[in-house]
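Subject: Handover of a structure, with notes on what was found

Dear colleague,

I am passing the structure below on to you, and the notes that follow it set out what was found. Please read them with the coordinates open.

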Amino acid sequence: MMAAATSMMSGSRLLLLSSSSSSSSFFFSFSSSTLRRLFSSPPPSPSSSSSPLALSRSLYTRRRSLLSPVLHFPSRRCRCCRRRPRPRCCCCFCSEATPQCQSQAEEAPPPSDPVREAAEALDIRVGRVLRAWRHPEADSLYVEEVDVGEAEPRTICSGLVDYIPLDHLQDCKVVVLANLKPRNMRGIKSNGMLMAASDESHKTVELLIPPEGSITGERIWFGSEEEKDRQPDAATPNQVQKKKIWESVQPHLRTTDSCAAVLLAGTAHPMQTSAGTVTCNSLRNARIS
């Protein structure tokens, strides 16, 4: 490989430029004091036990320690514009960036919140209970047929017998977590979960209530009205189970002092439908599950 090197004196500094047939290049910038230390310092004194290899390594280490503060290797490509850096570019450890790098940095999205990302992968919908009855094989379970906007209603089992009278479930609007993996509950396959708020002792449980005018089957989101159109696709039931998405989100779901359902991820993100915010009847600062 052919290589060429040139040197220039600028004030009290010496600039050495080196290039080769490859695309990489580098330059050295030395102050006069560094040059004096580099070339005038005596080599290590040999001893009877020192081998030529040990002396060579010692000399290399000393020279490298003197050079390291002033070496610059701008051969890496810019992470923003993928071009090779030039003097006073952001990738040369200088204070100014090229206009293209600045525009890329300004357009970069803010860092994502893992809890918020996980919550956006849940398929939470507005549902309507078509009918409900007691589970024939389990005293603590109800069985509900719930319309979630699909061709057929879903069958869902929920342990609400001790908390909600059966007649309160008939033909009522509910909030359904729809992308859980189906579970066999005493001989009946449950395909989803009714979401509810409960106090710390779990003695009082209230179903979450979509606002008046909510559309059955509408997907619920967290945040402002503008964020409705930015919802990503929901995860599959297998992904929810494998990545434990629901388990990572559930501890961050609470109700506020006004009984509104929110996701606590940095700030409070309300649980929204196109008709307004999801609430519960009376439980404040309660857990949601």
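**The largest pocket**

The lining of the largest pocket takes at least two residues from each of four strands, namely β7 (154–158), β9 (183–185), β11 (193–194) and β12. Please keep in mind throughout that this is a predicted model. The volume of this largest pocket comes to about 480 Å³, and among the 20 residues lining it, those closest to the centre are C157, S158, G159, M193 and L194. Sorted by class, the lining of the largest pocket holds 11 nonpolar, 7 polar and 2 charged residues. C157 has a relative accessibility of 7%, and because buried means under 20%, C157 counts as buried.

**The second largest pocket**

The second largest pocket encloses about 320 Å³ of space. Its lining consists of 17 residues, and nearest to the centre of this pocket lie C172, K173, L207, I209 and N281. Strand β13 gives the largest share of the lining of the second largest pocket, with 3 residues. The classes in this second lining are 10 nonpolar, 4 polar and 3 charged residues.

**Cysteines**

How many disulfides does the model contain? The count is 0 disulfides, and C280 may serve as an example, since the nearest cysteine sulfur, that of C259, is 4.6 Å away and C280 is in no disulfide. The cut-off for a disulfide is a pair of cysteine sulfur atoms within 2.5 Å, so the distance of 4.6 Å from C280 to C259 does not qualify. C280 has a relative accessibility of 5% and therefore counts as buried.

**Strands β15, β16 and β17**

C259 also leads to the next region, as this cysteine sits in the turn of the hairpin formed by β15 and β16, where 5 residues lie between the strands and C259 has a positive phi of about 70°. Strand β15 (residues 253–255) and β16 run antiparallel and are joined by 3 bridges, and R254 has V262 in β16 as its bridge partner. On its other pairing, β16 meets strand β17 (residues 267–273) in the antiparallel sense over 4 bridges, and here V262 has P270 in β17 as its bridge partner. The hairpin of β16 and β17 has 1 residue between the strands, and G266 takes a positive phi near 80° there. Is strand β16 enclosed or open to its surroundings? Strand β16 (residues 261–265) is largely enclosed by the rest of the structure, because 4 of its 5 residues are buried.

**Two further residues with positive phi**

Two loop residues that are not glycines may also deserve a look when you inspect the backbone. H202 has a positive phi of about 60° although it is not a glycine, and H202 is found in the loop between β12 (196–198) and β13 (205–207). With a relative accessibility of 35%, H202 counts as partly exposed. K244, likewise not a glycine, has a positive phi of about 55°, and K244 lies in the loop between α5 (237–242) and α6 (245–249). At 52% relative accessibility, K244 counts as exposed, because the cut-off for that class is over 50%.

With kind regards

Note on methods
Residues numbered from 1 in each chain as written. Predicted model: local features only at pLDDT ≥ 70, side-chain atom pairs only at ≥ 80, totals over all residues. Heavy atoms only, no water. Buried < 20%, exposed > 50% of the residue type's maximum accessible area, 1.4 Å probe, protein only. Pairing = 2+ DSSP bridges. 1 Å grid on protein atoms, 1.4 Å probe; cavity = no way out; pocket = protein on both sides within 12 Å on 5 of 7 lines; lining within 4 Å. Points joined across faces, edges and corners; volume = space filled by probe spheres on them. Nonpolar A, V, L, I, M, F, W, Y, C, P; charged D, E, K, R; others polar.
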